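Please open the model in your viewer and keep the selection panel at hand. The tour below proceeds from one selection to the next.

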Amino acid sequence: MADLPGIVVTGASGRMGQMLMRVIAGSGQARLAGAVERPGHPWVGQDAGTAMGGAPLGVRIEDDPIDAFARAQAVVDFTAPAATVEFAALAAQARAVHVIGTTGLEDGHLRAIAAAARHAVIVRAGNMSLGVNLLAALTRKVAAALGPEFDIEVLEAHHRAKVDAPSGTALMLGQAAAEGRGVDLGQVADRGRDGLTGARQEGHIGFAVLRGGDIVGEHDVIFAGAGERLVLRHVATDRAIFARGALRAALWGQGRAPGEYDMTDVLGL
């Protein structure tokens, strides 16, 4: 096991943090080299496996990312924007591959991440699954093939605890549609409708959001024309697909030149 790449998981107690630790520890392709939580979290100091209610994994949850990153070849990070920016700088200092699945990133966060990518490999994606990235590729092709008389709507649904909207995946799909049409998403996105909004503007890309229950993730890209409608859809039923994609990205990044990559690079799309 010592010769396998070591991966640190940040936000260890979260839904994705726990799934990532389980997938990495059981993969046979990498070893769980560390698990990080915020200072004062009740899991700090506990064995990661025991904290999750299972068998010990031999990895203690810690609150010092600098020490953890120094022992690792990769960091997998599904946390929050401010934390991700901090982790990007620390991972770059450690020359560890930084896999970012955090959503809700704004321009300032992205600039800081791009700066860190000058010194280390960063793989960032709104969604790590193979299916979603194929959906994005299809969305780009369909948007390029259909004219502006086809309205584009991105519909997404997630569990009640998700804090950002639209989801990173929905924005990724909207960006793919905009690229297919050769337009700037920021200029054509409709991210909320309420009241007397007037008729839909031709060429705009709309987003609709649903939150409830324990929905893992559902995304539809709807191309609505006169007399016909084309719907591209992805439904996730298990968070393990995102964890497996993140692990694949962490392994792919080993030995790459510093820079910012995404899952289309990892998957060869």
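In what follows, contact means heavy atoms within 4.5 Å. The model is a predicted one.

**A helix pair.** Select Pro81, Ala82, Thr84, Val85, Ala88, Ala89 and Ala92 in α4, and then His109, Ala112, Ile113 and Ala116 in α5; these two groups meet. By class, this contact of α4 with α5 comprises nine nonpolar residues, two polar residues and no charged ones. Now display both helices in full: α4 covers residues 81-94 and α5 covers residues 107-116. Their axes lie 9 Å apart and form an angle of about 10°. Angles under 35 degrees count as roughly parallel, and α4 and α5 are therefore roughly parallel to each other.

**The open sheet.** Next, select the strands β3, β2, β1, β4, β5, β6 and β12. In that order, these seven strands form an open sheet with parallel pairing. The edges are held by β3 (61-62) and β12, each with a single partner strand, so one side of each has no neighbour in the sheet.

**Pairings within the sheet.** Strand β1 (residues 6-10) pairs with strand β4 (residues 74-77) in the parallel sense, over three bridges. To inspect one of these positions, select Val9 together with Val76, its bridge partner in β4. Moving along the sheet, strand β5 (residues 97-100) runs parallel to strand β6 (residues 121-124), and three bridges join them. Here Val99 has Val123 of β6 as its bridge partner. Strand β6 is also joined by three bridges to strand β12 (residues 259-261), again in parallel. At this pairing, select Val121 and its bridge partner in β12, Gly259.

**Helices on the sheet.** Return to α5 and show it with its flanking strands: β5, α5 and β6 make a right-handed β-α-β unit. Then add helix α9 (residues 240-252), which lies across β1, β4, β5, β6 and β12. The direction of α9 is at about 155° to β5.

**Two backbone details.** Which residue has a positive phi although it is not a glycine? Select Arg95, whose phi is about 55°. Arg95 sits in the loop between α4 and β5. Since residues over 50% relative accessible area count as exposed, Arg95, at 54%, is classed as exposed.

Finally, select Ala165 and Pro166, which are joined by a cis peptide bond with an omega of about -10°. Pro166 belongs to the loop between β7 (151-158) and α7 (168-181).

Terms used. Residues are numbered from 1 along each chain as its sequence is written. This is a predicted model: local features need pLDDT of at least 70, side-chain atom pairs count only at pLDDT 80 or more; totals for chains, interfaces and linings use all residues. Side-chain values use heavy atoms; hydrogens and water are left out. Axes are lines fitted to C-alpha atoms, for helices over the stretch in contact, and angles run from 0 to 180 degrees between N-to-C directions. Helices (H or I, at least four residues) and strands (E, at least two) are DSSP runs, numbered from the N terminus. Angles under 35 degrees count as roughly parallel, over 145 as roughly antiparallel, 65 to 115 as roughly perpendicular and the rest as oblique. Ala, Val, Leu, Ile, Met, Phe, Trp, Tyr, Cys and Pro count as nonpolar, Asp, Glu, Lys and Arg as charged, and the others, Gly among them, as polar. Two strands pair if DSSP finds at least two bridges between them. A crossover is right-handed if, with the strands pointing away from the viewer, the path from the first strand over the helix to the second runs clockwise. Buried means under 20% relative accessible area, exposed over 50%, partly exposed in between (1.4 Å probe, protein chains only).
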